[in-house]
Amino acid sequence: MVKWTEEERCTIREVWEKVDVDEIGPQILTRVHIVYPWRETYFGTFGDIFTNTSILNNPKVAHHGKVVLRSIDKAVRIMDRIQETHAALSRLHYECVDPDNFKLLGDCITISIACKLKEALNPQVQAVWQKFLCAVVEAMNSQNK
Amino acid sequence: MLSKKEKQLIREIWERLTPVAEDIGADALLRMFASYPGTKTYFSHLDIGPGSAHLSSHGKKIVLAIAEGAKDISQLTVTLAPLQTLHAYQLRIDPTNFKLLSYCLLVTLACYMGEGFTPEAHAAIDKFLSAFSAVLAEKYR
């Protein structure tokens, strides 16, 4: 289980308070599809995600991005039980999704948030935020062990 | 594989970063040291605290080297030949660290450019930094 200092908890919450799930959610998955296009393989039911324009306008991509961020919201609220709260999600993705994808998704989440927060995501804040995302990624991989 | 459009975008972005190379480079290094403390081991001979002269000058060197590579990506092997030798035979930095610095550069650019760091720009720069890192590591073995 990951241990958090009070300062780390505050830092993570302060980052998260500035994130509008409806705004940033669509952006992160759009970023994943454009930066890592081979991830399309997991989204066969999403319709047209084969050009940047179609990705940017695809409502299923936007919706799934929000779904992902709502699970992050859960992790922020219950930081001491991330593995437990994400166990069902981990089982859902088990043997369907290459676990390396969770790290790449995490990177895109950080970069989308960086575009929004700019200098507020300074090096120390980034380090704490990444510790938090690593915990979430590990929780998503927990059923793969 | 980089398209013509992506190469143009990369050139334009790195041209805009050249005047602020010190700030960008120092910021990326600080992010790397904070998020990946093991990378500090390669800098034990320097003062790498925030605001230090070493941090600024080293950050500037890195960003200007990348900007030079961005001018003609097809010539990366020629442009980077001296740096290839330096990294392989003298510095001996484990190439896995190039990925860490590349990622921190992406975060720095996102913070610096805000909404201007579009997914297309992100993809192009990520591909370019991967190619840059691969060429830099070519002489390791």
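**Conventions for all views**

A crossing is left-handed if the near helix is turned anticlockwise from the far one by less than a right angle, and right-handed if clockwise. The model is predicted: local features need pLDDT of at least 70, side-chain atom pairs count only at pLDDT 80 or more, and totals for chains, interfaces and linings use all residues. Residues are numbered from 1 along each chain as its sequence is written, chains are lettered from A and ligands numbered from 1 in the order in which they are written, and side-chain values use heavy atoms, without hydrogens or water.

**View 1. The Globin span of chain B.**

An unreviewed UniProt entry annotates residues 1–141 of chain B as "domain: Globin". Such positions follow the numbering used here, feature names are shortened, and annotations may be inferred rather than shown by experiment. In the model, helix makes up 70% of residues 1–141 of chain B and strand 0%. The C-alpha atoms at the two ends of this span lie 24 Å apart. Helices (H or I, at least four residues) and strands (E, at least two) are DSSP runs, numbered from the N terminus.

**View 2. Helix 2 of chain B crosses helix 6 of chain B at roughly 125°.**

Helix 2 of chain B spans residues 21–35, and helix 6 of chain B spans residues 96–113. Their axes come within 8 Å. Axes are lines fitted to C-alpha atoms, for helices over the stretch in contact, and angles run from 0 to 180 degrees between N-to-C directions. Helix 2 of chain B and helix 6 of chain B are therefore oblique to each other (under 35 degrees is roughly parallel, over 145 roughly antiparallel, 65 to 115 roughly perpendicular, the rest oblique). The crossing of helix 2 of chain B and helix 6 of chain B is right-handed. Helix 2 of chain B contributes Ile24(B), Asp27(B), Ala28(B), Leu29(B), Arg31(B) and Met32(B) to the contact, meaning heavy atoms within 4.5 Å. On helix 6 of chain B, the residues met include Asn97(B), Leu101(B), Cys104(B), Thr108(B) and Cys111(B).

**View 3. Helix 1 of chain B meets helix 7 of chain B and helix 6 of chain B.**

Helix 1 of chain B (residues 4–17) and helix 7 of chain B (residues 119–136) cross at roughly 90°, and their axes come within 9 Å. That makes helix 1 of chain B roughly perpendicular to helix 7 of chain B. From helix 1 of chain B come Glu6(B), Leu9(B), Ile10(B), Ile13(B) and Trp14(B). Their partners in helix 7 of chain B include Ala121(B), Ala124(B), Ile125(B), Phe128(B) and Leu129(B).

Helix 1 of chain B packs on helix 6 of chain B at about 75°, with the axes 13 Å apart. These two helices are therefore roughly perpendicular as well. Here Ile13(B), Trp14(B), Arg16(B) and Leu17(B) of helix 1 of chain B meet Leu105(B), Leu109(B), Tyr112(B) and Met113(B) of helix 6 of chain B. Ile13(B) and Trp14(B) thus appear in the contact with helix 7 of chain B and in that with helix 6 of chain B.

**View 4. Tyr42(B) touches Arg92(B).**

Tyr42(B) sits in the loop between helix 2 and helix 3 (53–71) of chain B. Its relative accessible area of 29% makes Tyr42(B) partly exposed (buried is under 20%, exposed over 50%, partly exposed in between; 1.4 Å probe, protein chains only). Arg92(B) lies in the loop between helix 5 (81–91) and helix 6 of chain B. Phi of Arg92(B) is positive, about 50°, although the residue is not a glycine. Arg92(B) is exposed, at 56% relative accessibility. Tyr42(B) and Arg92(B) are 50 residues apart along the chain, with C-alpha atoms separated by 9.1 Å. Setting aside residues up to four places away in sequence, Tyr42(B) also touches Ile93(B), Asp94(B) and Asn97(B).

**View 5. Thr85(B) in helix 5 of chain B.**

Thr85(B) is partly exposed, at 32% relative accessibility. Its C-alpha atom is 8.5 Å from that of Leu136(B), 51 residues apart along the chain. Beyond neighbours within four places in sequence, Thr85(B) contacts Gln90(B) and Lys139(B).

**View 6. Arg9(A) and Lys118(A) in chain A.**

Arg9(A) belongs to helix 1 (residues 6–17) of chain A. Arg9(A) is buried, with a relative accessible area of 14%. Leaving out neighbours within four places in sequence, its contacts are Trp4(A), Met79(A) and Asp80(A). Lys118(A) lies in the loop between helix 7 (100–117) and helix 8 (123–140) of chain A. Its phi is near 50°, a positive value in a residue other than glycine. Lys118(A) is partly exposed, at 32% relative accessible area.

**View 7. Cysteines without disulfides.**

Over all chains, the structure holds 0 disulfides (pairs of cysteine sulfur atoms within 2.5 Å). For Cys111(B), the nearest cysteine sulfur is that of Cys115(A), 7.8 Å away. Cys111(B) is buried, with a relative accessible area of 7%. Cys10(A) is partly exposed, at 39%.
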